[in-house]
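Okay, thanks everyone, let me get the structure up on the screen. I'll keep this short.

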Amino acid sequence: MASSLRVGVLTGGGDCPGLNAVIRAVTKSLILQHGAEVFGFEEGYLGMIERRVRPLAYRDASGILNAGGTILGTSNKANPFDFYGRDGADVSAEVVSYCIEELKLDAVVVIGGDGSMSIAHGLNEHGLPIVGVPKTIDNDLMETDRTFGFDTAVNIATEALDRLQTTAQSHQRVMIVETMGRYAGWIALYAGVAGGADVILIPEFPYEIEEIVSVCKTRAQGKQRFTIIAVAEGAAPKGGDRVVQQIIEDSPDPLRLGGVCKVLEAQLKQHLGSEIRTTILGHTQRGGSPTPYDRVLATGYGTYAAAMVADGQFGRMVALQDNRLTSVPLSAVANKVKTVSPSHPMVAAALAVGTSLGVPDLDVRLQGDQRSSIVS
Ligand code: F6P
């Protein structure tokens, strides 16, 4: 099949289960369905800036569907509009010219989260045709019901909650489990519901310590004498601050959250007689093989992105809305974060089964028309 289509692919930002499944789907379907030549940038936008690119043949994309990480590598620091390697210089014009004039690319598929999509939007505005694919365990990208990687992270966190429940039960302890998620509580909310946590604390609802103490005390006096608390790393007490674990100066998003479970432990110790233990799940939520759901979603996203490239639909990101694949403008995604709204049906569902969200008067009722979207 004769075709002049030449397409670049990169994985940007923090890694996530399912990246290789998307690379596979994009590469194989571009080659098989559209006769394209595919090129992979190494380490995300860093490879684009430093001119590190390699051809991706069909065989390169074979055998990687279930592999964690990314065969291309990634960087969560390189931004062509503010490149740390050249004192914050804007090298975007160079990058666009390199891709179009030298590599003669017709398009680039950017697989990334909000930071990568914001850069993709900028480069697209500067004339580089781009199709985005939404990645992140945090599920915090706008305009899509799901990012790939989220389901895997929720599975890992749920398994941890299940395991911690039996040991909590044996010792009648309070177990605090901290999930990732940055400024959004999706992982803690979904894993907390799936793992039957007694308390779920997310950034969207600043918690009140008296409420958590009351849940723990009531449970300690009842039949189930243990308490499981799922807390998102971005959660904070009412009127208090998030816990910053470290600041990475040369990162576009320098704050790394983490450690709220220790703060919470110290707060609870002042009020409870029970023993308390903490577990920070950290990067275990990002490593290893994607779940079947994420492999399916990644394959759908990747093949849809390839079709968009062939159709010349640029400046857009693949999305899942109401269980259908579609696409949305990058401008609607760039520089935005999707957080958990109080009216989200999973919030109402958690409350309806008696789970505390750390706020005494949070009273959200299931709306009839929201029920169908709980699992969408
Ligand atoms: O965005 C994904 C994520 O894992 C967040 O949940 C977390 O806050 C952050 O990345 C951790 O970043 P790093 O890998 O740089 O420590």
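I'm going to walk through the pocket, and then the ligand. One thing up front: this is a predicted model.

So, the largest pocket. Its volume comes out at about 990 Å³. There are 44 residues lining it, and if you want to find the centre, look for Gly14, Asn76, Arg182, Asp253 and Arg256, which are the closest to it.

Which elements supply the lining? You get at least two residues each from helix H4, at 114-125, and from three strands: E6 at 174-179, E9 at 244-247 and E10 at 255-257. H4 gives the largest share, with five residues. As for character, the lining splits into 21 polar, 13 charged and 10 nonpolar residues.

Okay, on to the ligand. Where does the ligand sit? In that largest pocket. Around it you'll find Asn76, Thr136, Ile137, Asp138, Met180, Gly181, Arg182, Glu233, Arg256, His283 and Arg286. Sort that shell by type and you have five charged, four polar and two nonpolar residues.

Now let's zoom in on some oxygen atoms of the ligand. At asparagine 76, a ligand oxygen is 3.3 Å from an N or O atom of the side chain. Histidine 283 also uses its side chain: there, an N or O atom is 3.0 Å from an oxygen of the ligand. With glycine 181 we're looking at the backbone, where a polar atom lies 3.0 Å from a ligand oxygen.

And how much of the ligand does the protein bury? On its own the ligand exposes 400 Å², and 81% of that is buried by the protein.

That's me done, happy to go back to any view.

Terms used: Residues numbered from 1 in each chain as written. Predicted model: local features only at pLDDT ≥ 70, side-chain atom pairs only at ≥ 80, totals over all residues. Heavy atoms only, no water. 1 Å grid on protein atoms, 1.4 Å probe; cavity = no way out; pocket = protein on both sides within 12 Å on 5 of 7 lines; lining within 4 Å. Points joined across faces, edges and corners; volume = space filled by probe spheres on them. Helix = DSSP H or I, 4+ residues; strand = E, 2+ residues; numbered from the N terminus. Nonpolar A, V, L, I, M, F, W, Y, C, P; charged D, E, K, R; others polar. Near = heavy atom within 4 Å. Polar contact = N/O pair within 3.5 Å; in protein donor to acceptor, adjacent residues only side chain to side chain. Areas by Shrake-Rupley, 256 points an atom, 1.4 Å probe, with all protein chains shown as cover. Sits in = over half its atoms within 2 Å of the grid points.
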